[in-house]
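This briefing is meant to be read beside the sequence and the structure, and its points are grouped by topic so that each can be checked on screen.

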Amino acid sequence: MPESVPLSTTWGECAFCGNAVPPTSAACPICGAGEPVRAGTISRAPRRVQRRLKLLGAFRVLIVVGVVAALAFLVIQPVLSGPPVLTDPLTTSGTYTIGAGNSTVLAGEVSGEDFITGNLSVIAPVGTAIGLTVYNTTEYTQFLAGDNPQNQSSYSPRNSGPITFAADYTDTYYFVFSNPYPTTSGITVTVYIATQYQTNVNSFA
């Protein structure tokens, strides 16, 4: 610190960056600029310095207000939005295109005594059909292995109709919608499928 610059007994403000300058310092500890504006002398500082300090002060206020607003939003937003709504994978609807000899699967956990309802409707080609078989976890593993396992429920191929399945016990169930036409036929079926998970309230009585 140059000896020609006397130490001050009051805090100051850097004329360049607006940072607080301690009484014992003649230069800004952040940017190194000298000649800080001491408390009580701002009105006597050059106009350009006064404008700079006012702008820096306003900018700092905006930063503080922005941070407070962001924190308030993060705290309040979960309260206003409520708990997250989790959609069960077996509550769904959509249109599926299934190639000849292939299948599509809807799967999800079903608690014992709960059930799945819904419907299917073949959109195209007119007059074609889709089959449905429901497997539990063990049976579905066997099905993937190419075996011919037992199943929980089975619907013969049809053009449209309701879907109803009641789970005897808790497990992950696989609803396999199959195109019954051989791969050599080239018949691709487009079907609309809608399912809804239903809780058996009587089981809690």
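In what order do the strands of the open sheet that includes β4 stand? The order is β4-β11-β6-β9, an open sheet of four strands with antiparallel pairing. The model is a predicted one, and the points below take its two open sheets in turn before moving to side chains, backbone geometry and surface.

**The sheet with β4, β11, β6 and β9**

- The edge strands of this sheet are β4 (92-98) and β9 (160-166), each of which pairs on one side only, and the twist from one strand to the next averages 20°.
- Within the sheet, β6 is joined by nine bridges to strand β11 (residues 189-198), and the two strands run antiparallel.
- Ala124 can be used to find this pairing on screen, since it stands opposite Thr190 in β11.

**The sheet with β5, β10, β7 and β8**

- A further open sheet of four strands has the order β5-β10-β7-β8, and its pairing is likewise antiparallel.
- At its edges stand β5 and β8 (153-158), and because each has a single partner strand, one side of each is left without a neighbour in the sheet.
- Neighbouring strands of this sheet are turned against each other by 15° on average, with direction ignored.
- The antiparallel pairing of β5 with β10 extends over eight bridges, and in it Thr104 stands opposite Phe177 in β10.
- At the other edge, β7 and β8 run antiparallel and are joined by four bridges, with Ser154 in β8 as the bridge partner of Thr133.
- The side chains of β5 alternate along the strand: Thr104, Leu106, Gly108 and Val110 point to one face and are buried, whereas Ser103, Val105, Ala107 and Glu109 point to the other face and are not buried.

**Aromatic contacts**

- Six aromatic pairs are found in the structure, and one of them is the stacked pair of Tyr140 and Tyr174, whose rings lie 4.1 Å apart centre to centre with 5° between the planes.
- Because Tyr140 lies in helix α2 (residues 137-144) and Tyr174 in strand β10 (residues 171-178), this pair ties together parts that are 34 residues apart in sequence.
- Both partners count as buried, because the relative accessible area is 14% for Tyr140 and 18% for Tyr174, and the cut-off for buried is under 20%.
- Ring pairs also link Tyr135, Tyr140, Phe143 and Tyr174 into a cluster.

**Backbone geometry**

- Most residues other than glycine have a negative phi, and most peptide bonds are trans.
- Glu113, which is not a glycine, has a positive phi of about 80°; this residue is found in the loop between β5 (103-110) and β6.
- With a relative accessible area of 45%, Glu113 is partly exposed.
- The peptide bond from Ala124 to Pro125 is cis, with omega near -10°, and Pro125 is found in the loop between β6 (115-124) and β7 (130-135).

**A nonpolar surface patch**

- Phe59, Ile63, Val67, Leu71, Phe73 and Leu74 make a nonpolar surface patch of about 630 Å².
- Among these residues, Val67 is found in helix α1 (residues 47-81), where a relative accessibility of 43% places Val67 in the partly exposed class.

Technical notes:
Residues are numbered from 1 along each chain as its sequence is written. This is a predicted model: local features need pLDDT of at least 70, side-chain atom pairs count only at pLDDT 80 or more; totals for chains, interfaces and linings use all residues. Side-chain values use heavy atoms; hydrogens and water are left out. Rings of Phe, Tyr and Trp (its six-membered ring) pair if their centres lie within 6.5 Å; planes under 30 degrees apart count as stacked, over 60 as edge-to-face and the rest as tilted. Buried means under 20% relative accessible area, exposed over 50%, partly exposed in between (1.4 Å probe, protein chains only). Patches are made of residues with over 30% relative accessible area and no salt bridge: like charges are joined within 9 Å, nonpolar side chains (Val, Leu, Ile, Met, Phe, Trp, Tyr) within 5 Å. Accessible areas come from the Shrake-Rupley method with a 1.4 Å probe; for residues, only the protein chains shown count as cover. A salt bridge is a side-chain nitrogen of Lys or Arg within 4 Å of a carboxyl oxygen of Asp or Glu. Two strands pair if DSSP finds at least two bridges between them. Axes are lines fitted to C-alpha atoms, for helices over the stretch in contact, and angles run from 0 to 180 degrees between N-to-C directions.
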